[in-house]
Amino acid sequence: MDINDQQLDMLREMGNIGASHAATSLSQMLMSEIEMTVPEAVVIDISDVNDVFSEEIAAMVVFEIQGEIQPAGYIVYHVPKLSAIRLTNTMLGSTDEDRELNELDESAIIEIGNIMISHFLDATAELLGVVMLPSPPMMTINMALAAFENILAQVAVDINEIILFKTELKSNDNDISSTIIMLPEEATLQEILRLLNNLITPEI
């Protein structure tokens with residue numbers, strides 16, 4: 001699907017609104033000021049994911065997008081291992097970064113992903129004027145590329161492009177990288193672009 005510069009700008013603004021709400025919710029959850037860079041929105045052909053994800057260990061929390069548009073696709077909260085440890089250290093009151101992820105970390109990451117994606121979808125849905133809700137989360141921890149390919153193997157839906165909303169979160173003590181990845185059904189991506197376009201040039 002061809003996406004022009006104006007449509008990419010609209011997706012970037014949608015991501016900015018959604019990620020801002022997600023960062024605010026994370027700041028409240030961690031009781032720590034979280035600043036966020038303006039998200040970079042990139043549309044990637046599904047055949048080019050090898051160019052996006054590395055072999056770095058990462059946690060991915062996966063949600064099916066439920067609500068008014070069905071089937072809508074999936075949305076993933078992706079956080080590299082060190083950033084995941086920094087996040088959970090803040091949440092659990094630890095300072096040890098030289099360690100492996102444990103069960104407490106996994107529970108904390110699922111909770112953080114749930115909060116982030118719920119608020120991202122709330123803000124996005126409010127902007128678009130539709131209902132969008134996250135399913136219960138699933139999580140995988142693996143090399144990022146292997147984890148994402150595993151997710152793709154489990155979602156038997158018509159997905160041709162993914163939308164990456166990359167952002168940097170900065171707490172008082174640490175820099176944290178994370179990415180929200182939307183895997184919209186082809187028809188859903190067209191509907192999102194139509195709704196965004198209608199915000200700029202309302203249909204008569």
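**View 1. A salt bridge joins the side chains of E100 and K81 in this predicted model.** The nitrogen-to-oxygen separation of the E100–K81 pair is 3.0 Å, and the contact links distant parts of the chain, since E100 belongs to the loop between helix 2 and helix 3 while K81 belongs to helix 2, 19 residues apart. E100 counts as exposed because its relative accessibility is 57%, where the threshold for that class is over 50%. K81, with a relative accessible area of 22%, is partly exposed. A search of the whole structure finds 5 salt bridges, and two further examples are described in the views that follow.

**View 2. E97 and R86 form a salt bridge.** The closest N and O atoms of E97 and R86 are 3.3 Å apart. E97 lies in the loop between helix 2 and helix 3 and R86 lies in helix 2, so the pair ties together parts of the chain that are 11 residues apart in sequence. E97 is partly exposed, having a relative accessible area of 32%, whereas R86 is listed among the buried residues of helix 2.

**View 3. Helix 2 covers residues 81-92 and contributes a set of buried residues.** For the 12 residues of helix 2, a rise of 1.5 Å a residue predicts a span of 16 Å, and the end C-alpha atoms are indeed 16 Å apart, so the model agrees with the expectation. The buried residues of this helix are S83, A84, I85, R86, L87, T88 and N89, and they pack against helix 1 (5-30), strand 4 (73-80), helix 3 (103-128) and strand 8 (175-184). Helix 2 is followed by G93, which has a positive phi near 75°.

**View 4. R194 and E191 form a salt bridge inside helix 5.** The closest N and O atoms of R194 and E191 are 2.9 Å apart, and both residues lie in helix 5 (residues 186-200), 3 residues apart, or about one turn of the helix. R194 is partly exposed with a relative accessible area of 35%, and E191, at 25% relative accessibility, is also assigned to the partly exposed class.

**View 5. P134 lies in strand 5 (residues 132-134).** At 21% relative accessibility P134 counts as partly exposed, because the buried class requires a value under 20%. Leaving aside residues up to four places away in sequence, P134 touches F63, E64, Q66, I117, S118 and L121. The C-alpha atoms of P134 and Y74 are separated by 8.6 Å, although these residues are 60 residues apart along the chain.

**View 6. Q7 belongs to helix 1 and is buried.** The relative accessibility of Q7 is 19%, and this residue therefore counts as buried. When residues up to four places away in sequence are not counted, Q7 touches D2 and L193.

**View 7. I57, I141 and M143 form a nonpolar surface patch.** Together these residues present about 210 Å² of accessible area. I141 is found in strand 6 (residues 138-143) and is partly exposed, with a relative accessible area of 31%.

**View 8. The UniProt record places a feature, "domain: CheC-like protein", at residues 7-42 and 106-137.** The entry is unreviewed. Over residues 7-42 the chain is 67% helix and 14% strand, with end C-alpha atoms 11 Å apart; residues 106-137 are 72% helix and 9% strand, and the end C-alpha atoms of that span lie 12 Å apart.

Key
Residues numbered from 1 in each chain as written. Predicted model: local features only at pLDDT ≥ 70, side-chain atom pairs only at ≥ 80, totals over all residues. Heavy atoms only, no water. Patch = residues over 30% accessible without salt bridge, like charges linked within 9 Å, V, L, I, M, F, W, Y side chains within 5 Å. Areas by Shrake-Rupley, 256 points an atom, 1.4 Å probe, with all protein chains shown as cover. Salt bridge = Lys/Arg side-chain N within 4 Å of Asp/Glu carboxyl O. Helix = DSSP H or I, 4+ residues; strand = E, 2+ residues; numbered from the N terminus. Buried < 20%, exposed > 50% of the residue type's maximum accessible area, 1.4 Å probe, protein only. UniProt positions renumbered as here; feature names shortened; annotations may be inferred. Expected span 1.5 Å × (residues − 1). Contact = heavy atoms within 4.5 Å.
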